[in-house]
Amino acid sequence: MGTGKRGLIATAVAVVCAVTVLAAPGTAFANPTPSPTPSAGPALATGQDLEAVRKKLDKLYRAAGRATDEYNAAEEKADKQSAEVVELAKKIVKGQEKLRKLKDRAGAAAAAQYRGGGLPPEAHLVLSDDPQDFLDGAGRVREGHHATKGLLGELTRTQEDLEQYAKDASAQWKKLEAGRKAKAAAQKKIEKQIAQAEKLESALQKEEQERLAELEKEAANKAQTAWLDSGILDEIDGKASDQGKKAVQYATAQIGKPYQWGAEGPETYDCSGLTSQAWASAGRGIPRTSQEQWKRLKHIAVQDMRPGDLIIYFGDASHVAMYIGDGAMVHAPRPGRTVTIAGAGSMPILGVVRPDPDTGAN
């Protein structure tokens, strides 16, 4: 990434108050300088107490993130199952119409056979003025018998198809109902975790909230510094693909928009909603949730990542961000925050996945 891009990132960070800051042009997303901790008044919680609060909040919001993945997965399944039910319903309607027409044809064939079937073949031969007419008629009767037999076979198969469609539709309805219950349960989990976190934060005085924000920054800075000190950035020099550039452009254009669980834009996003929509804008559909992105997209070594790749965080793959170069990533952090740029190593990295593994980079 050139200095122009670094300048863009620096501007974005300044605008949205990112948890870390960009270094001067010519350097990477470098080790941040820890901010001074304000002195505590006698009535305020100690730094140790606030650190415990920070860890508790982190735990609550991570639990909300996992529940959000569950919610998004249930919603995705429900959409798929609803579509399948609709398709089965269409098949049932078409099958019923086909069955009605077959029954009409079978009824007409049976009536015709009844009208001409009162006399044995010998009598028809005796009564016929021309034996050849009889033979021709007998051939037509045989053809009619074969046609009627085929008609009854098609009628039976259509009835069997309708029965199977009905069974499949019933099974899909049951799955859809189970999915709705799973979605509702996940929503309750999310709301419970967020409510507990908000209650914990609201109990703090204004100065304590400010000091808590400083602690959050320091924790992110410490993790980013350790990541950069490993020398990893010296190995990361991948160039973005054309699709990757489009995805990064979309994601960074959302900076400043609020986090909202279950949201896919255009006004609010959750973490995987941002990454999935960014790649959709680049013409490539990817799984909706961070866990499915981790499972189904191609895994890439961290040192091989390039802008546009997705960084999956925590051991349960409950958070995802997009790498944008120079040791930085863009993500939708959590409730109460906005889409922002942060250090790629500011949280524990599980791994990296690439949405467009078959395209070249420029």
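**Exercise 1.** Which residue is the bridge partner of M322 in strand 4? Describe how strand 3 is placed between its neighbours.

*Solution.* The model is a predicted one, and we begin with the residue named in the task. In strand 4, M322 has V330 as its bridge partner. Turning to strand 2, we find that L310 is the residue standing opposite M322. The next step is to look at the pairing of whole strands: strand 2 (residues 310-313) runs antiparallel to strand 3 and is joined to it over four bridges, while strand 3 and strand 4 (residues 328-331) are also antiparallel, with three bridges. Finally, we consider how far strand 3 (residues 319-325) is covered, and here seven of its seven residues are buried, where buried stands for under 20% relative accessible area.

**Exercise 2.** Which residues take a positive phi in the two hairpins?

*Solution.* In the hairpin of strand 2 and strand 3, five residues lie between the strands, and F314 has a positive phi near 70°. In the hairpin of strand 3 and strand 4, two residues lie between the strands, and D326 has a positive phi near 55°.

**Exercise 3.** Which element gives the largest share of the lining of the largest pocket?

*Solution.* We start with the space itself, since the largest pocket holds about 940 Å³. Its lining has 40 residues, and those closest to the centre include D58, H331 and M347. Among the elements that each supply at least two lining residues are helix 5 (206-229), strand 4 and strand 5 (340-343), but the largest share, eleven residues, belongs to helix 2. Sorted by character, the lining consists of 19 nonpolar, ten polar and eleven charged residues.

Definitions and conventions: Residues numbered from 1 in each chain as written. Predicted model: local features only at pLDDT ≥ 70, side-chain atom pairs only at ≥ 80, totals over all residues. Heavy atoms only, no water. Buried < 20%, exposed > 50% of the residue type's maximum accessible area, 1.4 Å probe, protein only. Pairing = 2+ DSSP bridges. 1 Å grid on protein atoms, 1.4 Å probe; cavity = no way out; pocket = protein on both sides within 12 Å on 5 of 7 lines; lining within 4 Å. Points joined across faces, edges and corners; volume = space filled by probe spheres on them. Nonpolar A, V, L, I, M, F, W, Y, C, P; charged D, E, K, R; others polar.
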